[in-house]
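Trainee: I've got a model open and I'd like to learn how to read it. Can we walk through a few features together?

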Amino acid sequence: MKHAITAAMLLALAGTWPAARAAEPSTGTGVEAGWILERLVRPAPSRTPFVELRQSRLLKTPLRLEGEYRRPADDVLVREVQVPYAETTTLRDGEAVIERAGRNPRRVSLDGAPELAGLRGSFEALLAGDRDVLEREFDLRAEGGRERWTLHLAPKDAALRQLGTLILKGRGSELRCIEAVPEAGAPQRTLLAGAAMDAHGLEAPEALAALCHAPAR
């Protein structure tokens, strides 16, 4: 349960960006973390489609989940899985409510997991573009250029390190992909916005992974 709550919280906080705005001209120089953060600021309400790939040693191919993330208000986060099953997770007031048809809602308090509270605060800072707060919790490292960029967020706190390093990939003002890379186990990848829409009809894991940094059309 803890892992599921962590993933839902992480992705809901980081995943509600709309499709990219018009691409900005390249300066020919490497991108900086501050430039990326400025373009990832998004006020509520916002929403975006997602395709999540969960890898496991028990599965021959990654489990593929499709749905939508919504941020109707600054303090409300919704993750709606539509395929291959229907499930809605709503985060509000320090609680996760997980709903499936035909079942009673499950309510899970996040107060018992301080690392999740720290993670939520960090991603609220990400949504607000507050670099000072982020750098207290993470080592930030940017790669690439403005047309294609990667932002690594490596947790400094031991408890957060157990949840893994986060790798954000995008182009211009569009966040296309989030990879959560745990200390042990396979990385989990989520395609967002334009990358999620481009994933329609694609099945091969290699083709889906390539959408993280698909060239502009």
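Trainee: Where does Pro84 sit?

Mentor: This is a predicted model, and in it Pro84 lies in the loop between β3 and β4 (87-92). Look at the bond just before that proline: Val83 and Pro84 are joined by a cis peptide bond, with omega at about 5°.

Trainee: And how do I read backbone angles in general?

Mentor: Most residues other than glycine have a negative phi, and most peptide bonds are trans. Now look at Ala193, where phi is positive, near 50°, though the residue is not glycine. Ala193 belongs to helix α6 (residues 193-198).

Trainee: Is Ala193 buried or exposed?

Mentor: Buried, with a relative accessible area of 1%; the cut-off for buried is under 20%.

Trainee: What should I look for in the strands?

Mentor: In a regular strand the side chains alternate between the two faces of the sheet. Here, β2 pairs antiparallel with strand β1 (residues 46-54) over nine bridges, and with strand β3 (residues 76-83), also antiparallel, over six bridges. Use Arg70 in β2 as your marker: Arg47 stands opposite it, and its bridge partner in β3 is Val78. Two residues separate β2 from β3 in a hairpin.

Trainee: Which residues touch the most other members of the largest nonpolar core?

Mentor: Nonpolar side chains tend to be buried together in soluble globular proteins. In this 24-residue core, the answer is Trp149, Leu151 and Leu168. Helix α2 gives the most to this core, four residues. There's also a second, separate core of 10 residues, including Leu53 and Leu191.

Notes. Residues are numbered from 1 along each chain as its sequence is written. This is a predicted model: local features need pLDDT of at least 70, side-chain atom pairs count only at pLDDT 80 or more; totals for chains, interfaces and linings use all residues. Side-chain values use heavy atoms; hydrogens and water are left out. A nonpolar core is a set of buried Ala, Val, Leu, Ile, Met, Phe, Trp, Tyr and Cys residues joined through side-chain atoms within 4.5 Å. Buried means under 20% relative accessible area, exposed over 50%, partly exposed in between (1.4 Å probe, protein chains only). Two strands pair if DSSP finds at least two bridges between them.
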